[in-house]
Amino acid sequence: MLRNPVRALLLASALSLTAAPVWAFEAADANAWLTRHDSRVDALLKQMTLEEKVGQLVQFSTGQATGPENIKVDQKDLLKNGGLGSILNLTGAKEVNEIQRVAVEQSRLKVPLLMGLDVIHGYRTTFPVPLGLAATWDAALIEQTARIAAIEATAEGVRWTFAPMVDIARDPRWGRVMEGSGEDPYLGRVIAAAYVRGFQGSDLSDPTSLLACAKHYVAYGAAEAGRDYNSVDMSERMLRDVYLPPFKATIDAGVGTFMSAFNSLSGVPTSANHFTLTTVLRDEWAFKGFVVSDWTSIAELIPHGIALDGKTAAFKGFTAGVDMDMQANLYAMHLPELVRSGKVPERMVDEAVRRVLRTKFALGLFENPYTDETLSAKVQLKPEHVALARRAAEESFVLLRNERAKPIEGSPLLPLADGKTVALIGPLADSADDMLGEWACKGDKKDVVTLRSALAEKLKDKLLYAKGTEILGTVETGFAEAVSAAEKADVVVMALGEHRRMSGEAASRTRLDLPGNQQALLKAIVATGKPMVLVVFAGRPLTLAWEAEHVASIIHAWHPGVQAGPALARVLFGESSPSGRLTITFPRSLGQVPLYYNRFKTGRPIGGEDDDQKDSGARYQSRYLDEKNSPLFPFGWGLTYTTFEYSPVSIGGMKSISLADLENGAKIKVEATVTNRGSRAGVEVAQLYIRQRGTSVVRPIRELKGFEKFSLQPGESRTVRFEIGKEQLAFWNVDMKHTIESAELAVWIAPNAEGGKPAIMTIAN
Ligand code: NOJ
């Protein structure tokens, strides 16, 4: 456990730039805590009536609802009778203690309640939204943000978060892309494990440990057409190669719980899917924690059409492997009867209850059910928490484009020179609430420093401001004032994008260009000819093709949290350099989606044998007639204020390696040297990609297998080294075996998923 958060922060930030390039996921004893208290669990189980057992599998919301509110129950009454195991959405040490007292002082067996909440990207100290945090490519930093969220949340009585969301997401129409780490399974694994370590710490019984929950199990991110809650139909190979690995990584990191999802998967709703919930999760992965349903997802088996009544829904959800029923009340209503009638064996209920109780024992709730009511005031928004929020925001910004801008000739527009008059324009420039992003937990707009406030402090009377329009504006009355501000300034900073509720749950969109009349405002300002920086705030990629053609510099800033303004001011004026890299592809136009870097090559690639991007122009190729196939900005993309040069990738002269040697643990050693060729220090993320051909099934045109983030002074070089072995090469083959095969192997060390030239070798039989 990180008992001294300040020391832990310093330690982790020192580590962040020297992190091991290829992450190890095996942590042999990360799950030991799950069975440590089993003798106490069994002793308690023996004393429980069937109703009391089922009570442990029931969860209701108190306070703010995070789904449709369908059921009201008297929770205190339920608690006294042992009929409630967990509450979600209740916060505040006093409030939590009050209800906990009913459980531990008035119920027969005194089993404490487990209090859950969506602590997603901070508690009171709000960090960038998870897709922004992912763009830092800095697992140690992400772990620290989760640790701080845990310290703040547990001080308010919350011991369980419904995070991390580890859904791979390839369709930016889906609003929930914001809650995850993007489109890549390797990066998804690294980041998923970091969140679990950060939330839970190393000892669950520490009062600052926040039990984590890997969600939404599984394939929720592949919702058809990007429409939330929609169905998913995919091959088992795709599921295992891409969508399952981040979930497995959370188990290897010791995660305590899983949440089943809303979507159906190949015809079977994931909250009643025996294959994913039992065959994979329990039989293959030996997961010993418990699974909670998503909000009413057991009841939703009825509209899905696989149950006609609540009793069948409870039966299907429970026997498939969902242990706890969030908010549907169907386990409470039907499980006792299903057991008594012999349809559900009691030992299945015992096993589910055992999983819940072992978690409560591990959290120390039996010894320590109450929260110190004086603690919260001491920990929320501590200066070091806020400092980390600023650093995380700075590292999350992705500089998409940075060109020379007339009339400032010479160097790229960013960083801005001091002494200029700046016109700050746009509806996101001073919108504190939107900076928090969706799922901001206890984030409060009063704590936010906006871009306008930060620039006003820095520039004083050299800052001109005009809102210009609303986020979803239709009227143009504010345009004239904005144009006049631009005309008076040396440089314009536009702050445009989405409001916070345009991403997150139930926030799918069919258009991803700048909302409302923001692009019209942008065009009016571009017409002034002033050098312009566009800062985009959004929970997802937007389609920015026009902007990328007409605006010199573009920063994608996500929704950056409480320190949005100071972090941006520092990056705009070069006190720090942008270092974020995209973890999700930015399409040119929406018609291209889903568009992701690790796609398959077709039989008719547009650019010939090796190059799927270079359009040969020939007919009868896999291409659009009216749009390029390539993304506007690829996965891994991000500029900074210097330039890096990559040496050719070296595989040490190796031409071939045998399958037998790889099976025996041999590794391919690859390296490249990266040199800072510019005149400023900068941070680079060198990315290791592979491609295999000649295999029994089609493999992606590139797959990320490692990365290293580091800083270089002007003229300085660094040689990055990776090892590729069985773990990196294995895939689910034509016989659905997870194995390595003979292949032609291409290896890149490159700045993004489209850069670099590969070294080629063979993996021989
Ligand atoms: C529904 C969401 O899908 C899930 O992510 C969240 O954890 C629950 N509601 C609880 O708020």
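**Exercise 1. Is Gln-327 buried or exposed, judged by its relative accessibility? State also where the residue lies and what is notable about its phi angle.**

Solution. The structure is a predicted model.

Step 1: locate the residue. Gln-327 belongs to the loop that runs between strand S10 (325–326) and helix H14 (330–340).

Step 2: apply the cut-off. A residue is called buried when its relative accessible area is under 20%. Gln-327 has 3% relative accessibility and therefore counts as buried.

Step 3: examine the backbone. Most residues other than glycine have a negative phi. Gln-327, which is not a glycine, has a positive phi near 75 degrees.

**Exercise 2. Carry out the analysis of position, phi and burial for Thr-296.**

Solution.

Step 1: the loop between strand S9 (290–292) and helix H12 (301–304) contains Thr-296.

Step 2: phi of Thr-296 is positive, at about 55 degrees, although the residue is not a glycine.

Step 3: the relative accessible area of Thr-296 is 5%, so the residue is buried.

**Exercise 3. Find the cis peptide bonds that precede Val-218 and Pro-415, and place each of these residues in the chain.**

Solution.

Step 1: recall the usual case. Most peptide bonds are trans.

Step 2: consider Val-218. The bond from Tyr-217 to Val-218 is cis, and its omega is near 5 degrees. Val-218 is part of the loop between strand S5 (213–217) and helix H9 (236–243).

Step 3: consider Pro-415. Leu-414 and Pro-415 are joined by a cis peptide bond with omega of about 0 degrees. The loop between strand S13 (408–412) and strand S14 (422–425) holds Pro-415.

**Exercise 4. Describe the interface between domain 1 and domain 2.**

Solution.

Step 1: identify the domains. The assignment lists domain 1 (119–363), domain 2 (397–572) and domain 3 (642–764). The centres of domain 1 and domain 2, taken over C-alpha atoms, are 35 Å apart.

Step 2: state the extent of the interface. The size of an interface is often given as the accessible area lost when the parts come together. Between domain 1 and domain 2 about 2,000 Å² is buried, and carbon and sulfur atoms give 59% of this area. In residues, 27 of domain 1 are in contact with 27 of domain 2.

Step 3: list the polar interactions. The interface of domain 1 and domain 2 has 17 residue pairs in polar contact and 2 salt bridges.

Step 4: describe the composition. On the side of domain 1 that touches domain 2, there are 14 nonpolar, 7 polar and 6 charged residues.

Step 5: examine a salt bridge. Glu-505 pairs with Arg-176, and their closest N and O atoms are 3.9 Å apart. The cut-off for a salt bridge is 4 Å, so this pair qualifies.

**Exercise 5. Describe the surroundings of Glu-52 and of Ser-579.**

Solution.

Step 1: begin with Glu-52. This residue lies in helix H3 (residues 50–55) and is buried, with a relative accessible area of 9%. Its side chain makes a polar contact of 2.7 Å with the side chain of Arg-108. Beyond four places in sequence, the residues in contact with Glu-52 include Asn-81, Gly-82 and Leu-109.

Step 2: turn to Ser-579. The loop between helix H23 (564–572) and strand S19 (644–646) contains Ser-579. Its relative accessible area is 4%, and Ser-579 is therefore buried.

Step 3: compare sequence with space. Ser-579 and Leu-399 are 180 residues apart in sequence, but their C-alpha atoms are 7.7 Å apart. Beyond four places in sequence, Ser-579 touches several residues, among them Ala-135, Phe-397 and Val-683.

Notes
Residues numbered from 1 in each chain as written. Predicted model: local features only at pLDDT ≥ 70, side-chain atom pairs only at ≥ 80, totals over all residues. Heavy atoms only, no water. Domains from an automatic or database assignment. Contact = heavy atoms within 4.5 Å. Buried area = accessible area lost by both parts, 1.4 Å probe. Salt bridge = Lys/Arg side-chain N within 4 Å of Asp/Glu carboxyl O. Polar contact = N/O pair within 3.5 Å; in protein donor to acceptor, adjacent residues only side chain to side chain. Nonpolar A, V, L, I, M, F, W, Y, C, P; charged D, E, K, R; others polar. Helix = DSSP H or I, 4+ residues; strand = E, 2+ residues; numbered from the N terminus. Buried < 20%, exposed > 50% of the residue type's maximum accessible area, 1.4 Å probe, protein only.
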